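Colleague: I am new to this model and would like a close look at one part of it, with enough of the surroundings to place that part. Please take it slowly.

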Amino acid sequence: MRSPAAPTSARQAARRVRILCAASDLGARDGLVDVQMHDVAREAGVAIATLYRYFPSKPFLFLAVLEWHIEQFLGGRDGGAPVSADADPVAEVAETLVALSGRLLGNRLLASAVALSSFTEYASAVPSRIDIVERALGQRLLRLLEDHADARSRVRLLVYTWWGLFVAMLTEEISTERGEADLRLAARLIAAT
C-alpha cells in the first residue's frame with residue numbers, strides 16, 4: 001500500500017478536512033462496517049481517486065479521523081498554549097485525558113469506528129494507533145511534563161494507558177466513572193515526580 005499524499009495547498013488542506021468531516025459524520029451515523037469509501041467521497045464532494053490519494057484505505061481514513069478529532073479537541077482546550085507556572089501538571093494531564101475520553105465516547109459508533117480501524121488486518125500498512133495518538137496528544141503532554149528528564153517515556157506510558165482505558169470504557173468492560181478514576185490515578189502515578 002502506498003503512503004498517503006499530504007496536502008500542499010490551502011485548497012487541498014480544505015479538501016482533506018471535508019473528507020475527514022464526511023467520514024466522521026458517516027461513521028457517527030453508520031459505524032465503520034457500513035461506511036463505504038464511495039459514500040465518503042460523495043458526501044465530501046470529491047472524486048474517489050482524491051479520497052484514495054489522501055487515505056489509501058478505510059482503516060487509514062478512520063485513524064486520520066481519530067487524529068483529527070484529538071487535534072480539534074486540543075485546539076478547543078487551548079492545546080497550544082504554554083502551561084502556566086501555577087498549573088498542576090498532573091491534574092492538567094489527568095483532566096485532559098478524561099475530557100478527551102468523554103469527547104470521543106460522546107458518539108459510540110464513531111468511537112468504535114476509530115478503535116476498530118486500529119485493530120484491522122491492515123495494521124501493518126497503516127500508522128500505529130499509538131503513533132497517531134502520541135503525535136496528536138503528545139506535544140500537549142510533553143509541555144505539561146517538560147520538567148521531567150524522561151518526559152517522552154512518561155508520555156508514551158500515559159498514551160498506552162489512555163488507549164487501553166478508552167477501549168475498556170468503549171466496550172463497557174469498565175464503567176466510564178471507573179475509567180476516569182483510573183485515568184486520574186495513572187496520571188498521578190506516571191506524571192508525578
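Is leucine 137 buried or exposed, and what is its relative accessible area?

Modeller: Leucine 137 is buried, with a relative accessible area of 0%, where buried means under 20%, exposed means over 50% and partly exposed is anything in between, using a 1.4 Å probe and protein chains only. Before going further, please keep in mind that this is a predicted model, in which local features need a pLDDT of at least 70 and side-chain atom pairs count only at pLDDT 80 or more, while totals for chains, interfaces and linings use all residues. Residues are numbered from 1 along each chain as its sequence is written, and side-chain values use heavy atoms, with hydrogens and water left out.

Leucine 137 is part of helix H7, which covers residues 129-144; helices here are DSSP runs of H or I with at least four residues, strands are runs of E with at least two, and both are numbered from the N terminus. Apart from its neighbours within four places in sequence, leucine 137 has contacts with Ile70, Leu74, Thr96, Leu97 and Leu100, a contact being heavy atoms within 4.5 Å. One of these partners, leucine 74, is 63 residues away along the chain, yet the two C-alpha atoms are separated by 7.7 Å. A word of care belongs here, since H7 is where confidence in the chain is lowest, at a mean of 76, whereas helix H2 (residues 37-44) has the highest, at 98. This confidence is pLDDT, the predictor's own score for each residue from 0 to 100, and where pLDDT is low, the predicted coordinates should not be read in detail. The chain as a whole averages 86, with 89% of its residues scoring at least 70.

Around this part, the chain has nine helices and zero strands. Of its 193 residues, 46% are buried, and among contacts between residues at least 6 apart in sequence, 74% join residues at least 24 apart.

Leu97 and Leu100, which leucine 137 touches, are also among the partners of tryptophan 162, together with Ser101, Leu104, Val133 and Leu183, again not counting residues up to four places away. Tryptophan 162 sits in helix H8 and is buried at 0% relative accessibility; its C-alpha atom is 8.2 Å from that of serine 101, although their positions lie 61 residues apart along the chain. It is also listed, with Ile19, Val40, Leu51, Leu61 and Phe62, among the residues with the most contacts inside the largest nonpolar core, which has 60 residues. Such a core is a set of buried Ala, Val, Leu, Ile, Met, Phe, Trp, Tyr and Cys residues joined through side-chain atoms within 4.5 Å. Its largest share, eleven residues, comes from helix H8, residues 151-170.

Helix H8 also meets leucine 105, which belongs to helix H5 (residues 89-105) and is buried at 10% relative accessible area. Beyond its close sequence neighbours within four places, leucine 105 is in contact with Ala111, Phe166, Met169 and Leu170, and its C-alpha atom is 8.2 Å from that of phenylalanine 166, 61 residues away along the chain.

Elsewhere in the chain, the axes of helix H1 (residues 10-34) and helix H4 (residues 58-76) come within 9 Å and cross at roughly 105 degrees, the axes being lines fitted to C-alpha atoms over the stretch in contact, with angles from 0 to 180 degrees between N-to-C directions. H1 and H4 are therefore roughly perpendicular to each other, a label for 65 to 115 degrees, while under 35 is roughly parallel, over 145 roughly antiparallel and the rest oblique. Within H1, serine 24 is buried at 5% relative accessible area and touches Val65, Trp68, His69 and Leu110, not counting residues up to four places away. Leucine 61, for its part, touches Ile19, Leu20, Ala23, Met37, Val40, Leu51 and Phe55, with the same exclusion of residues up to four places away.

For contrast with the buried leucine 137, consider glutamate 172, in the loop between H8 and helix H9 (176-191), which is exposed at 60% relative accessible area and has a phi near 60 degrees, a positive value in a residue other than glycine.
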